[in-house]
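Q: Could we go through a model together, feature by feature, with the general idea set out before each case?

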Amino acid sequence: MEKQLLRFYVNDQECELFINPKTLLVEALRDHLGFVGTKRGCDTASCGVCTVMVNGMAVKGCSVLAVQVNGMNITTVEGLEKDGKLDPVQAAFLDEGAYQCGFCTSGMIMSARAFLNETPAPKDTMEIRRGIEGNLCRCTGYNSIVRAIDAVAKGKYREGA
Amino acid sequence: MSLKCPVCGKLKKDPVDCARHMFGTGDKPHKAWFEAQGLSYIDLLLSQATEPGNKAYIEVGELIAKAQQG
Amino acid sequence: MIHDFTYLRPGNVKEALAMLAQHRDDAKIICGGQSLLIIMRQGLVVTEYLVDIKGLDELNCLIYDSRAGLKIGATTTHRTIEKSLLVKEKYPVLVAMEEKLASIQVRNWGTIGGNLAHADAAGDPAPVLIALNATVTIASSAGGRSVPLEEFYPGLFETVLSPDELVTEVLVPPPPAHTATAYQKFNLLESDQGIVAVAVSLSVSDAGICQDARIVLGNAAPIPIRAKNTEKLLIGNKLNEEIFTKAGETAGEEADPVADIHASEDYRRHLIAVLTRRMTKEAWEQACQV
Amino acid sequence: MTANKYSVLNTRVHNVDGYAKVTGRATYTFDVKLPGMLYGKILRSPHPHARIISIDPTEALKLPGVRAVVTGKDTLGVKQGIWRRYPELCDEQILTIEKVRYIGEPVAAVAAITEEIAEQALDLIDVQYEVLPFVDDPMEAIKKEAPMIHEGVERNVNVTRHIEWGDVEEAFEEAEYVREDWFKLGGQAHMCMETRATVASYTSDKKLTVYTSTQSPYYHQALLAGVLGLRESDIRVIAHYVGGGFGGKFELDASQFCASILSMKLSKPVKIVFTREEDFVATKRRTPMYYYVRTGVKKDGTFCAREARVFSNGGAYTGMGATALYLTGFFHSFPYKWKAYRYDGYRVYTNSLPSTSMRGFGAPQAMFCSEQQIDWIAADLGLDIIEIRRKNAHTSGYEVPGQATIASCGLTQCLDKIEQWIKDRGKLPKNRVIGISAAGFMTGGIFNWFDTPYSFSSAVVTINYDGVVELHVGAQDIGQGSNTTLAMICAEALGVKLENIKVHSGDTDHCPADLGAWGSRQTLMAGNATKMAAEDAKKQLLEFASAKFGYNIVYDVDIKDGWVYNVARPERGMHYVDLVKEALRGKDGQRIVGRGHYTPHRKGMISPAYSYMVQAVEAEIDAETGKISLHNCVTAHDCGQPINTLGLIGQLEGAASMAAGYGYLENMPVEDGKVMNPNLVDYKIIRAPDMPECEIIEIDTYEPEGPYGAKEAGEGLTNPTAAALGNAIFHATGLKMKQAPIMPEMIVNAFKEKKKEGGTP
């Protein structure tokens, strides 16, 4: 095993790590860089609580080697709030009570954000549901989450709305 | 015919009720009463549980009633 | 717990092939790693070298040519296929299949080459691509070859790849006229792996006769299998409800499923019969329209 | 719905911990990292039943980075359990010494400088077992020839529970129709998103700090004190954020015990986090049961008598299973009036993972049997499914003989609303059908098997100079939103805005004892304690206000929305904050402190109050494949006065998702004592696309025992869904599904059976 130099951007901040190549992206973020908002909940890429955005795409941080994102832009839940202002998805989650224990919330919000970036106007709530199918939530039954994403899609949180 | 639990003295409305109480309590003194009568608490309990009807309760109830009449 | 390995990142295909040639059995290839990392974590795969081809952009492509058909580079992600207007127009079944493959996160990072090389009998793309008569292009430092996907899997979790070989692309021939392909998996949850899956591709002659049929059963045997008896039943006939039912029954008989906690062998046969009937009908009705 | 008479209650608010959760700032035990922290891993039994001959850690200790290996012999060997009043039911040594009784039972634990080294060390511990015959089914385990799992426990019968009222035999004789059925109910995993996790930090001054994912910090403080030989108050349990509980996190678990033992040995912090697989195979689960039900009714649908027998698969240890055994029998009578009722429950030890409490606490199993059988009876007698329920429904003031008094009950209104919803739904799309189920549930348990000397719930309200209120509660927020609910109650009672309330919970050093979050107890019990504390503080403030205002003493003074005023002349008054400032001066600078507590008295055997609900599930059944999909799940629900509007909806929708899972997805097959699907690929949790819309119809009632009339919501609704789904299948196909979860293969097989019998499917 030879350690690898990894340089990437996390929430617009340049980071450099010299790490064992088997380190998973979620481990690099949590254990090496302290972004513990991203969680882990399984070993089978099933639960989605480790979801982060890599170059704007939602991926599961437990299924990507950290060295594979060399040079890329990572966004974690900590990077969504800008200038003390919540991202519309975060605001909508608050307003709709779209979280309970909160353990899935970071990953869920990242999936929701990535989904809305790609699909600003989902055709129906089923499309929203498919957008978050990779994220398990044991508390809410998803419906409040769907309502929150729907509210953002419908423009409730648009600047000046 | 009301009668008393031979172990703790609790008043019960009839022999079957009294037997149910004894099985249901099932603590050491109540279990010991069964053994003292030469009965197996657990065998009777499970025959009551797994066989239709109320056979074990009736059997034990009769025994208690007889003892108290005598 | 993933065992330690030495990480190799080739800059191009040639370098990748050289690394494989050098390390042979001591090396494994990672692309999206959506399946590989899970089994590495379980300790089922231990490797000295891990060759990462995820970044090989020369294999990240979707090209359609009306004569050659569709070329999908091995590092093309599922999501790219799913979102491709080209694919949607020419092979709508591929898009439909991709939309229900695992989750968006997995489709964003996972690649078609990685999926096919993982050789999971419950994988979605293989049955559909076999029904579409796809071939895989394989490269090694010694040269290259092309293998029909149907012959790519000798056994459970096995491929015909030798240690120095790499899947570089999947070639899907242009769809013949009056042909339609339908795919469905049976699962308890929307995007779950299929308990069984059936892909049916039918071609109809101008006279309204079934000219060609390719029926592929997924998770119905250790590898995706063609239901050849069922195909024979269809070819040369004008299809109707009776034949659809018979096709289902035949497919159920020629499947070779095993029981697991999700379904007994009998139930799997039953599901294959139902899905084959339904997909044959669907493909037939579509093929008659195009 | 009537206009809201409250300022804070029943309004839409952001949960008090919402900001932390949506920004990723909420730190769970999983995220705790202390300086010098070591990582622990647990070696588990591969055998369902075996005697431990020897454990040799020599090779493991040689591995660089390994700091310690502990086995049962390094512990006090205390057999512990949560039923502390009953020593014979305290049967579990978390690091077992002599025998292992299920696959996954802890036998040793390692601490090392990394998690990876700790895991490698496990393979180096040499354990010699003498493998014993095992039994993993309760009906086998009660047989004479079955192996004995616990010494002296004959036929493996762990606990029996009996409930009876009325003359059952006589009532059956009166019945004009009797039907009996056997059912089989599966287990279910709690599957909290945060697996069991603990960071234990022991220091040589004999103090132990334990960060852990718990539903009850107080229980864990007390249970750890018992097994570690420490004073309760020298153990500080901290649980600021907990990633779900659902009934699975209030018994002592191996992460808590082993991390503590290792930390005591090393005087270093030790962290143990269960893998998802460990969380599946080596925690506890919803209790699997065999259920026999015999019911007698009049031809007009009047319920006469019911007799039920249950054999529950207890697994290797008692846990909370004894309570589940009692509650399933009690709730099997719900929510109907039976002239006579008899329940005999037998909990049987087996060599499989232990079973315990899980959201619904025995009632989902009971309702699956009861509510389906009622539909079958209605069909046989040609009766309407709503009418037969309405005829026998609990009503306010009803007494469940010898068990409970129902003070408030909106069941009839629930039935009316669901009847109306079904009518309004009109003709259903193809292959769709509606099934219904009624249910009721408790609002906190009265039982004190834990033998706590403290009040069941306590709260302290402290008012600072600037009017900000520090609310200290022992209640535990595990995501159900208790901190928000209690803050709302506090704000309402004090007459101030929610923003003025800071809630402190999840820390035994700073919060009063409370039994914690289980059995739907917090809104009512901690709510009453909070209300009492707030009212105590308010009374002190109003004493100053009255003195200051100098009004005629016949006038009432009150606080609402931060305004302190004469009730007869609301415009006369002063701001709350100004009053607080003056009051503090009057108290020689002391802050105002209010105290509150709650323990139920004279409220029967079970609970102070009961919620009621009726649910309609609209399902699509593919008769050929057996595939089920859910399209609507509508609930008419009586939880008394709603407190936290959004939280209530979230709890009900969440309950429906878990209950639907129990109905048709979440299977836990055990073969040779081994859980066959211990991962999230093979264990199916409902996902967003599969989740139906859940309309909630609130029924207004007032519960005299609850704070502001509130009672349970969120646990009870795990009870009806599986039964409603079973009923939907029955009405669609005529099939009687007697096994939960209802898997598609069962439907297909049931059709085949029926065909064989010559019936028309």
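Q: Which domains does the domain assignment of chain A give?
A: In this predicted model, the assignment splits chain A into domain 1, covering 4-79, and domain 2, covering 88-153. Taken over C-alpha atoms, the centres of domain 1 of chain A and domain 2 of chain A are separated by 21 Å, and the contact between them takes 16 residues from domain 1 and 12 residues from domain 2.

Q: Which elements give two or more residues to the side of domain 1 of chain A that touches domain 2 of chain A?
A: They are strand 3 (51-54) and strand 4 (57-60) of chain A, and strand 3 of chain A gives the most, with 3 residues. By class, this side of domain 1 of chain A has 8 nonpolar, 7 polar and 1 charged residues.

Q: How is a domain of chain D written when it is made of separate stretches of the chain?
A: The stretches are joined by a plus sign, so that domain 1 of chain D reads 18-25 + 456-598, domain 2 reads 32-132 + 192-245 + 249-281, and domain 3 reads 285-446 + 604-756. The C-alpha centres of domain 1 and domain 2 of chain D are separated by 39 Å, and 14 residues of domain 1 of chain D are in contact with 16 residues of domain 2 of chain D. On the side of domain 1 of chain D that touches domain 2 of chain D, the classes are 5 nonpolar, 6 polar and 3 charged residues.

Q: What does the domain assignment of chain C give?
A: For chain C the assignment lists domain 1 (6-52), domain 2 (57-172) and domain 3 (179-289), with the C-alpha centres of domain 1 and domain 3 of chain C lying 36 Å apart.

Q: Turning to contacts between chains, how many residues of chain D are in contact with chain A?
A: There are 46 residues of chain D in contact with 41 residues of chain A. Helix 1 (18-22) and helix 16 (645-664) of chain D each supply at least two residues of the chain D side, and helix 16 of chain D gives the most to that side, with 8 residues. By class, the side of chain D that touches chain A has 21 nonpolar, 17 polar and 8 charged residues.

Q: How many residues does the contact take from chain C and from chain D?
A: That contact takes 12 residues from chain C and 15 residues from chain D. Helix 11 (residues 265-289) of chain C provides the largest share of the chain C side, 4 residues, and the side of chain C that touches chain D divides into 9 nonpolar, 2 polar and 1 charged.

Q: What describes two packed helices?
A: The description uses the angle between their axes and the distance between the axes. In chain B, helix 3 (residues 41-50) and helix 4 (residues 55-69) pack at an angle of about 135°, with their axes 7 Å apart, and they are therefore oblique to each other. The residues that meet are B:Leu44, B:Ser47 and B:Gln48 in helix 3 of chain B, and B:Lys55, B:Ala56, B:Tyr57 and B:Val60 in helix 4 of chain B; by class, they divide into 4 nonpolar, 2 polar and 1 charged.

Q: Which residues of helix 11 of chain D are buried?
A: In helix 11 (residues 385-392) of chain D, the buried residues are D:Ile385, D:Ile388 and D:Arg389. They cover an arc of only 95° around the axis, which puts them on the same side of helix 11 of chain D. What covers these buried residues includes helix 10 (363-381), helix 12 (411-425) and strand 20 (432-442) of chain D.

Q: What is the general idea for reading phi and peptide bonds?
A: Most residues other than glycine have a negative phi, and most peptide bonds are trans. Here, the peptide bond from D:Phe334 to D:Pro335 is cis, with omega near -15°, and D:Pro335 lies in the loop between helix 9 (321-331) and strand 16 (340-349) of chain D. A cis peptide bond also joins D:Ala740 and D:Pro741, with omega about -5°, and D:Pro741 is found in the loop between strand 33 (739-740) and helix 18 (744-756) of chain D.

Q: Is C:Asn133, with its positive phi, buried or partly exposed?
A: C:Asn133, which is not a glycine, has a positive phi of about 65° and sits in the loop between helix 8 (125-131) and strand 6 (135-140) of chain C. Because 19 C-beta neighbours lie inside 10 Å, C:Asn133 counts as partly exposed.

Conventions. Residues numbered from 1 in each chain as written. Chains lettered and ligands numbered in written order. Predicted model: local features only at pLDDT ≥ 70, side-chain atom pairs only at ≥ 80, totals over all residues. Buried ≥ 20, exposed ≤ 12 C-beta atoms within 10 Å, placed from the backbone. Arc of directions from axis to C-beta. Contact = placed C-beta atoms within 7 Å. Axes fitted to C-alpha atoms, helices over the stretch in contact; angles between N-to-C directions. Parallel < 35°, antiparallel > 145°, perpendicular 65-115°, else oblique. Nonpolar A, V, L, I, M, F, W, Y, C, P; charged D, E, K, R; others polar.
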